[in-house]
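Biologist: Can you put the chain up so we can go through it? I have a few questions about the fold and the charges.

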Amino acid sequence: MGMFFFYNNRKPRKFSHSPILYDPDKDERREQMEKRIRRMREEVAREEGRTIETSSEAIGKTDFGEEFLSQTKYLKRRKERERDEKKPFFTSNITIVLLIIALLIIFYFVFLR
């Protein structure tokens, strides 16, 4: 068995994470380029007398939930089922009443006769 010494304990390594794909300089250059392009488009639009599109109109908002539903088979079928308003077999009231009647008849013939 090894002996435990207080003066020779190893310290845990410090956490140092540098993201591989993130380059702040490249990100800053991209933002500057986008601003420059936007400014140039606005100038051209003003010269031609067109209306200037805002960023939300130019990009167009997409509903991520609808896009996700359209890409998954299970959720698409579930959404169609909800649209058709078909209820599962055991949740309909008539089925529950018929099952209770059948259980009462079985109970009568097994225990009370």
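Modeller: What follows is a walk through a predicted model.

Biologist: What are we looking at in terms of helices and strands, how many of each?

Modeller: The chain has five helices and zero strands. Along the sequence the pattern reads α-α-α-α-α.

Biologist: And what share of the residues is buried?

Modeller: Buried residues account for 3% of the 113 residues in the chain. The accessible surface is about 12400 Å², and 58% of that belongs to carbon and sulfur atoms.

Biologist: Let's take α1. How far does it reach from its first C-alpha to its last?

Modeller: Helix α1 has 25 residues and reaches 36 Å, close to the 36 Å expected at 1.5 Å a residue.

Biologist: What about α4, what span should it have?

Modeller: Helix α4 covers residues 73-84, so its twelve residues should span 16 Å at 1.5 Å a residue. Its end C-alpha atoms are 16 Å apart, which agrees.

Biologist: What does the backbone do just after α1?

Modeller: Gly-49 sits there and takes a positive phi of about 80 degrees. Just after α4, Glu-85 also has a positive phi, of about 60 degrees.

Biologist: Switching to charges. How many salt bridges does the structure hold?

Modeller: There are four. One of them pairs Asp-27 with Arg-30, at 2.5 Å from N to O.

Biologist: Why are Asp-27 and Arg-30 about one helical turn apart?

Modeller: Because they are three residues apart in helix α1.

Biologist: Which other side chain does Arg-30 meet in a salt bridge?

Modeller: Glu-34, at 3.1 Å from N to O. Arg-30 and Glu-34 are four residues apart in α1, again about one turn of the helix. Arg-30 counts as partly exposed because its relative accessibility is 44%, and Glu-34 is partly exposed too, at 38%.

Biologist: Any salt bridge further along, say what does Arg-46 pair with?

Modeller: Arg-46 pairs with Glu-42, the closest N and O atoms being 3.8 Å apart. Both residues lie in helix α1, four residues apart, about one turn of the helix. Salt bridges that share partners also join Asp-27, Arg-30 and Glu-34 into one network.

Biologist: Back to the Arg-46 pair. Are these two exposed or partly exposed?

Modeller: Arg-46 has 54% relative accessibility, so it counts as exposed. Glu-42 has 26%, so it counts as partly exposed.

Biologist: What separates the C-alpha atoms of Glu-42 and Ile-52?

Modeller: They are separated by 6.2 Å, although Glu-42 and Ile-52 are ten residues apart along the chain.

Biologist: Now the surface. Which residues gather in a patch of negative charge?

Modeller: Asp-23, Asp-25, Glu-28 and Glu-31 do. Asp-23 is in the segment before α1, which runs 24-48.

Biologist: Is Asp-23 exposed or only partly exposed?

Modeller: Partly exposed, because its relative accessibility is 34% and exposed means over 50%.

Biologist: And which residues form a positive patch?

Modeller: Lys-35, Arg-36, Arg-38 and Arg-39 form it. Lys-35 lies in helix α1.

Biologist: Why does Lys-35 count as exposed?

Modeller: Because its relative accessible area is 51%, and the cut-off for exposed is over 50%.

Notes
Residues are numbered from 1 along each chain as its sequence is written. This is a predicted model: local features need pLDDT of at least 70, side-chain atom pairs count only at pLDDT 80 or more; totals for chains, interfaces and linings use all residues. Side-chain values use heavy atoms; hydrogens and water are left out. Patches are made of residues with over 30% relative accessible area and no salt bridge: like charges are joined within 9 Å, nonpolar side chains (Val, Leu, Ile, Met, Phe, Trp, Tyr) within 5 Å. Accessible areas come from the Shrake-Rupley method with a 1.4 Å probe; for residues, only the protein chains shown count as cover. A salt bridge is a side-chain nitrogen of Lys or Arg within 4 Å of a carboxyl oxygen of Asp or Glu. Lys and Arg count as positive and Asp and Glu as negative; His and the chain ends are not counted. The place of a charge is taken as NZ of Lys, CZ of Arg, CG of Asp or CD of Glu. Helices (H or I, at least four residues) and strands (E, at least two) are DSSP runs, numbered from the N terminus. Buried means under 20% relative accessible area, exposed over 50%, partly exposed in between (1.4 Å probe, protein chains only). The expected span of a helix is 1.5 Å times one less than its number of residues.
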